[in-house]
Amino acid sequence: MSERATTVEGVRRTNLGEVLRLVHHGGPRSRAVITAETGLNRSTVSDLVSRLAAAGLVREHDPDPTRRVGRPSPIVAPSPDVVAIGVNPEIDAIEIGAVSLGGSVRLRERVPASNPDVAEVVEVVARVVAAWRADGLKDCRIVGAGVAVPGLVRAEDGLVRFAPHLDWHDADIAGPLAEALGLAVVVGNDASYGARAERLFGAAREHGDVVYLNGGASGIGGGLVLHGQLIGGEGGYAGEWGQTAASLTDAADRRVEGGVLEDEVNRARLVRATGLTAPDDAELERALTASDDARVESARQRRILAATLGNAVNVLNPSIIVLGGFLGSLREIDREGFDDEVRARALAASAEHLELASAALGADRLLIGAADAALQRLLSDPLG
């Protein structure tokens, strides 16, 4: 093949990826809009869309006739039948989701488990996905799987260096899961995947500078987006907010001498205060103001969390802070009061344009983020 032919094919593949990424992350749009957003000419966009449609990656339909002005341009939408599997192992359950192109969760299952090891996670996920393949995903193309782990994950190969609450040490889950599913598998930190999902599909969609904190059964992790880029650090271990010193404005709020943030702002403490046994996030949120014990503990954790976020504002000057899991539930008790407290703890100039939000994707955020990471190979080379 000539050098020019190779170059032309390379450009075409790049453009195919750009168009598919647009409709995956940005939602359905007309060919005319794609032409404007990519800067490509109409005939090129028409050819690219036709190729993607022939490969089953996008679908076209007529625009809304009530909004038609002039010659209509077909609407291009990501195919819901192209999916990736998202997995989130936690100390109390294994969550699995089938996420379509476009970021919607097609199927979801939560399997109770107590501190599952790698072998148990692989067995559960393989069993659930096999059942889906025979039924709900029977006519779908599954392109890969992503695992959101509450721990330190090495960026270069997905090795779980340390997941303290799961007691995983230098654990390889990518290899065994890939063999069990017959799919390519990527592995990353759960909160980093949560940040990815909220940045692309959720509360931080319009923001380039984002601090994301995720509160789960295993503790507190986080993600950081600067100028639109997810920051992982040298080895991929950035964002461990839960391991930073707790910011206490009142010594009486301390529960663990020398403890870190996730010792003080802690889901298990909230669960005990509410008197519940094994609630999901929605059940816990409803119970946070239902008793005196729950209200007192929630107020203590809110004070510590607000002070911690004030420090984050001063250091990073984000345009938005997004709180996921039980951290979002703490904010929801009194959004305005909490947001005002965070701003009061920060420098006025740094907090001048600051927004705060609870995760818009709710319990799906980690599954969507993990699945999106698994879709990256397809998005980079749709016909490869």
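Helix α6 (residues 190-201) and helix α13 (residues 365-374) pack at an angle of about 85 degrees, with their axes 7 Å apart, which makes α6 roughly perpendicular to α13 (a label for angles of 65 to 115 degrees). This is a predicted model, in which local features need pLDDT of at least 70 and side-chain atom pairs count only at pLDDT 80 or more, while totals for chains, interfaces and linings use all residues. Residues are numbered from 1 along each chain as its sequence is written, and side-chain values use heavy atoms, with hydrogens and water left out.

By class, the contact of α6 with α13 (heavy atoms within 4.5 Å) has 8 nonpolar, 2 polar and 5 charged residues. Among the α6 residues that meet α13 is R196, which also touches L230 and Q376. The side chain of R196 makes a polar contact (a donor and acceptor pair of N or O atoms within 3.5 Å) with the side chain of D372.

| Atoms or groups paired | Distance |
|---|---|
| R196 side chain and D372 side chain | 2.7 Å |
| N266 side-chain oxygen and A268 backbone nitrogen | within 2.9 Å |

The N266 pair stands at the start of helix α8, which spans residues 267-274 and in which R267, L270, V271, A273 and T274 are buried (under 20% relative accessible area with a 1.4 Å probe, protein chains only). Seen down the axis of α8, these buried residues fall within an arc of 165 degrees, so they line one face of the helix. They pack against β12 (210-216), α9 (281-287), α10 (292-316) and α11 (326-332). Just after α8, G275 takes a positive phi of about 80 degrees.

Terms used:
Buried < 20%, exposed > 50% of the residue type's maximum accessible area, 1.4 Å probe, protein only. Helix = DSSP H or I, 4+ residues; strand = E, 2+ residues; numbered from the N terminus. Arc of directions from axis to C-beta. Axes fitted to C-alpha atoms, helices over the stretch in contact; angles between N-to-C directions. Parallel < 35°, antiparallel > 145°, perpendicular 65-115°, else oblique. Nonpolar A, V, L, I, M, F, W, Y, C, P; charged D, E, K, R; others polar. Lists of a residue's contacts leave out its neighbours within four places in sequence.
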